[in-house]
Amino acid sequence: MKNELSVRNLIATEEAAAFFDAWATDEERHAEGFIQIMELVADGCEEDLWERLDARSHNFSAINEYLKDEFSVMVMIAFDEMCTCRAYAADKGFYAGLGSDRFVRWLREVTADEAVHSMNAVNVIRARYSDRIGEVGTILDGLTSSVADESDYGGTFVLDYFGEKYTKEMLANCHAAILKNVAKPLTTAERDGRSGRPS
Ligand SMILES: [Fe+2]
């Protein structure tokens, strides 16, 4: 995903560049953790799982319309991270059943990371694209209605919504939460942070 963004030259602001650096590091850590857990739980071999993950083809055509510019990418990611955050939170029972508190603690950390990612993406939009806040709703409408089933998932890393946790209601709640978050006015500190920095 990050690679695709740089190929398409989509990262335009330093705020977004900083966001993606932190995001990619976190997501790699998450993937590693999930694979270790799968290995423990499902008795799969770690190398095998990585191989299968790497072998997945990446077809970004399904999300092409959200890869137009940095703004639409940030809206997509803000929404996606909100959805995964809530989906992980809904998985708590499963992790609790694995027999060690460490699983639940790990899940809590991952869930918190996803919430931070969503908010950080929202903050890039608030800081850089305040003149385009009015477009966020339309993009979110498209995202919510284009939620594909598993057979359509192109290995894009985002919008891989399948499984019963991703209900219409949950997606609608995420839609509403993002709209609310992007509409929050910048605080004086946030505004000063930008204008006070040499460009
Ligand atoms: Fe994520």
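## Exercises on a predicted helical model

**Exercise 1.** Find which residues Phe79 touches, leaving aside those up to four places away in sequence.

*Solution.* Setting those sequence neighbours aside, phenylalanine 79 is in contact with Leu140, Leu143, Cys174 and Ile178. Keep in mind throughout that the model is predicted.

**Exercise 2.** Determine which residues of the largest nonpolar core touch the most other members, and which elements supply this core.

*Solution.* Begin with the core itself, which holds 33 residues, and in which Met74, Val75, Ala78, Phe79, Ile125 and Ile178 touch the most other members. Next, turn to the elements that contribute two or more residues, namely helix 2, helix 4, helix 6, helix 7 (133-145) and helix 8 (168-182). Finally, note that helix 4 gives the largest share, which amounts to twelve residues.

**Exercise 3.** Check whether the length of helix 2 (residues 14-42) agrees with its expected span, and then state which of its residues are buried and what covers them.

*Solution.* Helix 2 has 29 residues, and at 1.5 Å a residue it should therefore span 42 Å. The C-alpha atoms at its ends lie 41 Å apart, which agrees with that expectation. As for burial, Glu15, Ala16, Phe19, Phe20 and Trp23 are buried in helix 2, and the cover over its buried residues includes helix 1 (2-7), helix 4 (70-90) and helix 6 (101-128).

**Exercise 4.** Describe the chain as a whole: how many helices and strands does it have, and what percentage of its residues is buried?

*Solution.* The chain contains nine helices and zero strands, while 25% of its 199 residues are buried. Turning to contacts between residues at least 6 apart in sequence, 76% join residues at least 24 apart.

Definitions and conventions: Residues numbered from 1 in each chain as written. Predicted model: local features only at pLDDT ≥ 70, side-chain atom pairs only at ≥ 80, totals over all residues. Helix = DSSP H or I, 4+ residues; strand = E, 2+ residues; numbered from the N terminus. Expected span 1.5 Å × (residues − 1). Buried ≥ 20, exposed ≤ 12 C-beta atoms within 10 Å, placed from the backbone. Contact = placed C-beta atoms within 7 Å. Core = buried A, V, L, I, M, F, W, Y, C linked by C-beta atoms within 7 Å.
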